[in-house]
Amino acid sequence: MKYALVIPDGMADEPQPELGGRTPLQTASVPFMDEVARCGVVGRADHVPHSMPSGSDVGTMSLFGYDPLRFHTGRAPLEAAAQGIVLEPEDWAIRCNLVTIEQGQMRSFTAGQIRSSEAAELLDRLQQALPDRFGLRAEHWRFVPGVSYRNLLLYRAGGTPAPFGPDTRTTPPHDVTDQDVGPFLPQGPGSDVLRELMKLSEELFAEAEPNRRRAAAGELPATSVWLWGQGRAPQLPPFVERFGVRGAVITAVDLLRGIGRLIGWEVIEVPGATGYLDTDYAAKGRHAVEALRDFDLVVVHVEATDEASHEGDVKAKIAAAEQIDRHIVGPLLEALRRHGEYRLMVCPDHPTFLRTKTHSHGFVPFGICGSDLSADACTSYDEAAAEASPLVFQRGHELMPFFLGTQQA
Ligand SMILES: [Zn+2]
């Protein structure tokens, strides 16, 4: 049996007034997704527990069959895993944004999309300054430059207890945009040291060379680091042990690479996969079809539908859904049918609303077809069809075993 899962990130949405009350997915021409619906079953699943923020880290973990309430330990450890960083059991990873705070307000959670080289220079400065300040034991802390404003801070415990715990509270900087940052600074165990690091960065960055250059070029300066998303490495049992299926994932997004690595999947890199609207859909489709030779389950994640929502661009969202359908779902369906025994699923990780331009809680539609499945009454793949279906997974992580046929709904 071969399996494929296509994840159009954030594709689920609300009816749009400008589309005559239809959703982007209902408006898009997606003949292959509709064929999945016609030959198979349609239902809905909720991948993001209401006590957790909606995002791909939580939603995809659930979609991959892992209960986020049990297994999700934070966003930074997943990004660390994506970079191949191994955390010891007592180590913590912390997201380290470079941000622009002006008059106490979060002006930019990306420091004006700061260049990676400038970010690395600033973080190096901070790293060098640690031994002298606040009695911080410098050997525990390591800043890891990433891409642009997305960097990491590692706390290497080295056999001593870490200052953080489950009650350490931090806030994503993109949730604070244009607000006073004061109430959103770290709270709870270890928050004093996180605040000290943020304050130290503020002092050091004020006169730093990269910021002088940015100011001269009319760009926003990185006024400080913003620390959040902390956690220890999640203990995820390997997918193959749980489900007896060897998986591979194609994605341009670090979070998903991280989850994939942690559950023992192969991460297949596709040239031209950008994680943005201009991604090379056809290349992703081709690599997915090729990967079916070597793996039991091939997962293709496409970020473009989510990005279009973040930009509030309804046309781009429809176009992205159509590209995914034509270049990924279509070729996979054809290849799987040639193979014989198969199942194919299409399912987003969470809704992303054009109206709010952000991730939302709630159900997403899924469609599953396969050589051993008979059709239900649904003939199209969209939110309304899913809403009308009796097939419902309140706990989204139960969808994966249903898809793999290891458990009846
Ligand atoms: Zn997502």
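**Close-up views of the predicted model**

**View 1. An open, mixed sheet of eight strands.** In this predicted model, eight strands make up an open sheet with mixed pairing, arranged in the order S9-S8-S10-S1-S11-S14-S2-S15. The edges are occupied by strand S9 (266–268) and strand S15 (392–393); each has a single partner strand, so one side of each lacks a neighbour in the sheet.

**View 2. Pairing of strands S8 and S9.** Strand S8 (residues 247–250) runs parallel to S9, and three bridges join the pair. Ile250 has Ile268 of S9 as its bridge partner.

**View 3. Helix H2 lying across three strands of the sheet.** Helix H2 (residues 31–39) crosses strand S2 (41–45), strand S11 (342–346) and strand S14 (364–370). The angle between H2 and S14 is about 70°. S11, S14 and S2 follow one another in the strand order of the sheet.

**View 4. Helix H6 and its buried residues.** Helix H6 (residues 116–129) comprises 14 residues and spans 20 Å from its first C-alpha to its last, close to the 20 Å expected at 1.5 Å a residue. Its buried residues are Glu118, Ala119, Leu122, Leu123 and Leu126. These residues cover an arc of only 125° around the axis and therefore lie on the same side of H6. Ser117, Asp124 and Gln128, on the other side of H6, are exposed.

**View 5. Packing partners of helix H6.** The buried residues of H6 pack against both strands and helices. The strands are S3 (92–102), S5 (141–147), S6 (150–155) and S7 (224–231). The helices are H7 (191–206) and H8 (209–216).

Definitions and conventions: Residues are numbered from 1 along each chain as its sequence is written. This is a predicted model: local features need pLDDT of at least 70, side-chain atom pairs count only at pLDDT 80 or more; totals for chains, interfaces and linings use all residues. Two strands pair if DSSP finds at least two bridges between them. Helices (H or I, at least four residues) and strands (E, at least two) are DSSP runs, numbered from the N terminus. Two residues are in contact if their C-beta atoms, placed from the backbone, lie within 7 Å. Axes are lines fitted to C-alpha atoms, for helices over the stretch in contact, and angles run from 0 to 180 degrees between N-to-C directions. The expected span of a helix is 1.5 Å times one less than its number of residues. A residue is buried if 20 or more other C-beta atoms lie within 10 Å of its own, exposed if 12 or fewer, and partly exposed in between; C-beta atoms are placed from the backbone. The arc is that of the directions from the helix axis to the C-beta atoms.
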